[in-house]
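Me: I should like to go through this structure and ask, for several of the terms applied to it, what justifies their use. Please set each value against its definition.

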Amino acid sequence: MHRVTATWPGFHCVSGVFSAVRIPSFPPLSKSCLQRFRAVEVPTLGAGHSDLSKGSTPPSLKYRSALTNSLVSNSHLVHWRPLLKNAMTVVRLLVLSTMGSVGLYAQITTVGSTKASSLLSSSSKWSATVNPAAGDTLLVGCDYDAGNTFIGVSDRAGDTFLQIGAEARSGDFAERAYIATKVKGGLTTVTCTAASSPPYDEIYVTELAGVNSARPIDTQVSSSGPASPSSATLTTAAPNEFLWAFVVSGRVTNTSGWTGLSTFDGNLIAKKTQGDAGVVNPSFSVSSDWTMIVAALNPAIVIASVPAVSVLVNPTSASMQVSNSTGVTAIVQNDSANKGVTWSLSGNGCSGSTCGTLSSITASSVTYTAPSIVPTPASVTLTATSVSDASKSASTSVTVTAATPLTISAVGAGNISSEGATITWTTNAGASSQVDYGSTAAYGQSSTLNSNAVTSHSVILTGLTASTLYHYRVDSADASNNQASSGDFTFTTAANSGSLLPTLVQRTSTSNTQSNSVDRYVLQLPNGTQGGDAIIVGFSYSHFGSPTVSVADDGGNSYSCPAGALSNDNNQMAQLCFALNVASGTRSITISFSGSAPTHIAAAAYEFLNVASSGALDGSTGNSNMGGTGSNVSAGSFTPTTSGDLIFQYAIADGSLPMSSWTAGTNPWALLNADLQDGQATQYQVQGAGAAINPNMTMGPAGSWNTVAIALKAANAGSAPPAGIRVVGVQHIAVAQSFSSNPIAVQFPCTGNLIVAVWLGITGYDISSISDNGSNIYTATGPPVNFGASGDAQIFYAGNATCTSTRTLNFKTNGSNSSGGSELVLYDIAGAAPSPSDGSGTATGNQSTAGNVPSASVTPSTSNGVIIAMITVESHTITGSMPGLFDAASTSPIIGISPVDQNGGLAHNYNSDTSPETFVWTTTAGAVGNWASIVAAFKPQ
């Protein structure tokens, strides 16, 4: 294979790109020309064309490359594209031949836009004004009434126009095409002339550069027809020919592969470059009878000559230890077919694998791995040989050396806290990093291997236990897999402080789906989480079908669901899952079921501060008494090993509802939520010292139950929530259709100083008053709001409230709870003003067309407060709110009349200023019909 450098007699090295070559003989090279061109790799392929003219001088214009599979008898044909640099171009072509010069075919290009016009007055002549460059080619298309006699084409410059092929004629009109090569140039008018004035006529003029003026037309076809498509067949004889199509009809549509040049008056001028010689079948969609002329034009030609293949490798030499690896690359110059190289190993003191091994082999690169034993002599040669020309090769000389022993020094532990430490050391060569650690010299745990080769090592250990002696050793391995380990070292973690106790940040519990089957259940935490905190999710579902469960959230956090925290009483499943070191802003939690869609799903989620960010699980347990009659809900004994653990228990009543009570275990147990209507509860404590514990609570009345518990280690992790007014808890309570007690008794463990009750009731079923066991005073924002069958909307609040984990509320009602039930949602809010009310608003309406629902507005008088918003609807389901944080739980599929928030909307928003706020609700497909909405604003402290 040889490299071709472009030269040609009488040609002045015009910067440009030429597209095809052939090789009849070797002319002498022009050094002045070579100095102005730059190398480009191009393949030589194929055989077949014999109509190329030799010695043509290319026009002064730019070209682009194309590929061909053609050869001219004993000549080689290639396509290429030079690279421009500082306005000078060097042409180099790779040609599979030892023959001499090459002919370079130019790429024909259009210059400017195709000019088109039609006869504006009664005349036998119609014209278009153009301004071509001297030496270019003009293609002219004329169409006219079929009853007229056409005379010809001329221009003011006196250029000669020759007809291309025959006239194309339909019943109503006809067309002809003409060409003028090597035009004089300059502003001129091109005119179509007929014997008389035709009623229909157009002229189209296309300027071309790069046409072979000695033999411009290779072939053409004229055709016509009565209906779509316009089509014809022609066969090009040379590569890189330019196709020009002129189609006349009522309306012509361009087709794929062709570039439209003009669609004036509904007709079409289009072009394409035919890279390879062969059959072409132009076809265009037309609206009526049609005529079409397609011409194939030959490109210009120049001459070039051929240089040789050469091979370069990088690096040319290397020194490496036994068993180490290095990459080697090869470049083959003038490799037109891009075949690359083959690789081989040799050495005077080795053979086969004793010289080393090759892997990841490609035509341009390889990975060499030195042998495990140094050969004698220690030099190995890696050779890259051109595939196109086996006489051309290049080599890398590799010197193989013995391995240097890896040593470890300066081992130490620093940044020691109650839950972590940083281990550091150095090595005499780049090596990996890993630490083995544990409470004894047997270790038992290892850090994640860091494979980066460094000499200064640092590994951070997390999730450690406070006030604990830890043993550790460090491990490293270099690129040759020489391994080293240190001796045994120790450090003691710092003691836990009170500020590091696991602390509840926020909570939510949601309603039971009852007998409705769903495969996804979504619940919302009141606020986005703080980065580094932990989330615990407790949930229950029917065990029938044995569904597979997974938990995910909108923060991308990973959830662990310990096997010990799953309890099956052959009717309901109770389960706990948790995520550590969660992403900031996490809020929406999704519980998914596969394999079957269970019924009776209820869930609760909690965010805790100061839970270890990794390795936190310190035990789990589960228990049930299906068919039993006990009231002591005991998860079973297990033994956490670490002081200060968060012990968390989730329980469900697996019998008749509603219940009468949930009671926390002995202090320090405290209830987090206690839902009597849906029959679920949670409690927690921080265990002072690692010891056996049996989490238990009491339920009333006695009956069947199912419960699970986990222990999570404490650590200085996460972030406390920001100051200011904040929703710290939301409890969703389904008041089922069958529920008829009056008043409705509700347990609501709370920690804030403002309680807000939101009611989404059946139309005519309202809350008349609320009282609790703490003598808090509840005030309604106004009378119940409804509109037709929207359901009744109400908001009550208790300002300056006293909250405890044993708070119980009683809701007196008016009317009858029927037709699907109602929903009560309680908000626990901290940081509110003693007199918190800051205004409210209501709105009702009817939506008959699907879309967002603008609802009630409020204008708070105080910045940085919180606004509670709700909407109850006649049909379909509310899915989101603007502005604010959407609080309603949801399911997939959506339940028609859902016990989960009754398909209504719940949201809250922290108002940064005193601007009016209007809540707009998003919905599922379909109009919601009648609706009713309330918003209420509350002031901060």
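Me: Why is D265 called partly exposed?

Reply: The model is a predicted one. D265 has a relative accessibility of 48%. Buried requires under 20% and exposed requires over 50%, so D265 at 48% counts as partly exposed. The residue lies in the loop between β22 (259–262) and β23 (268–274).

Me: What makes the phi of D265 worth remarking on?

Reply: Most residues other than glycine have a negative phi. D265 is not a glycine, yet its phi is positive, at about 60°.

Me: Where is S323 found, and why is it called partly exposed?

Reply: S323 is found in the loop between β29 (317–321) and β30 (325–333). Its relative accessible area is 31%; since the class in between runs from the 20% cut-off to the 50% cut-off, S323 is partly exposed. Its phi is near 70°, a positive value in a residue other than glycine.

Me: How do you know that the bond between G700 and P701 is cis?

Reply: Omega for the bond joining G700 and P701 is about 0°, and the bond is a cis peptide bond. A second cis peptide bond joins T376 and P377, with omega about -5°. Most peptide bonds are trans. P377 lies in the loop between β33 (365–369) and β34 (379–386), and P701 lies in the loop between β57 (696–700) and β58 (705–712).

Me: What makes M659 and S660 contacts of P701?

Reply: Contact means heavy atoms within 4.5 Å. Leaving aside neighbours within four places in sequence, P701 is in contact with M659 and S660. P701 and G655 are 46 residues apart in sequence and 9.8 Å apart in space, C-alpha to C-alpha.

Me: What makes β45 mostly covered?

Reply: Buried means under 20% relative accessible area, and nine of the nine residues of β45 are buried. Both faces are covered. On one side are A534, I536, G538, S540 and S542, and on the other are I535, V537, F539 and Y541. In a regular strand the side chains alternate between the two faces of the sheet.

Me: How do you know that β45 pairs with β50 and with β48?

Reply: Two strands pair if there are at least two bridges between them. β45 and β50 (residues 602–609) have seven bridges, and eight bridges join β45 to β48 (residues 572–579), so the criterion of at least two is met in each case. β45 runs antiparallel to β50 and to β48. S540 stands opposite A602 in β50, while the bridge partner of I536 in β48 is F578.

Me: Why are β18 and β21 called edge strands?

Reply: Three strands form an open, antiparallel sheet in the order β18-β25-β21. β18 (230–231) and β21 (252–253) each pair on one side only, and they are the edge strands. Two bridges join β21 to β25 (residues 283–286), which meets the criterion of at least two. V252 stands opposite V286 in β25.

Me: Which residues have the most contacts inside the largest nonpolar core?

Reply: The largest nonpolar core has 41 residues, and those with the most contacts inside it are V756, V758, Y827, I829 and W921. Leaving aside neighbours within four places in sequence, the contacts of V758 include I795, L824, V825, Y827, I868, M870 and L906. Another core, of 25 residues, lies apart from the largest; among its residues are A534, A574, L580 and I652.

Me: What lines the largest pocket?

Reply: The largest pocket has a volume of about 390 Å³ and is lined by 22 residues, of which N512, H600, L657, Q677 and D678 lie nearest its centre. β45 (534–542) and β53 (646–653) are the elements that give two or more residues to this lining. By class, the lining has eight nonpolar, 12 polar and two charged residues.

Me: What makes the second largest cavity a cavity rather than a pocket?

Reply: In a cavity the 1.4 Å probe fits but cannot get out, whereas a pocket is open. The structure holds two cavities of 30 Å³ or more, and about 30 Å³ of space lies in the second largest. The residues lining the second largest cavity include R507, L672, Q731 and F748.

Terms used
Residues are numbered from 1 along each chain as its sequence is written. This is a predicted model: local features need pLDDT of at least 70, side-chain atom pairs count only at pLDDT 80 or more; totals for chains, interfaces and linings use all residues. Side-chain values use heavy atoms; hydrogens and water are left out. On a 1 Å grid over the protein atoms alone, a cavity is a set of points where a 1.4 Å probe fits but cannot get out, and a pocket is an open set with protein on both sides within 12 Å along at least five of seven lines; lining residues have an atom within 4 Å of a point. Grid points are joined across faces, edges and corners, and a volume is the space filled by probe spheres set on the points. A nonpolar core is a set of buried Ala, Val, Leu, Ile, Met, Phe, Trp, Tyr and Cys residues joined through side-chain atoms within 4.5 Å. Buried means under 20% relative accessible area, exposed over 50%, partly exposed in between (1.4 Å probe, protein chains only). Helices (H or I, at least four residues) and strands (E, at least two) are DSSP runs, numbered from the N terminus. Ala, Val, Leu, Ile, Met, Phe, Trp, Tyr, Cys and Pro count as nonpolar, Asp, Glu, Lys and Arg as charged, and the others, Gly among them, as polar.
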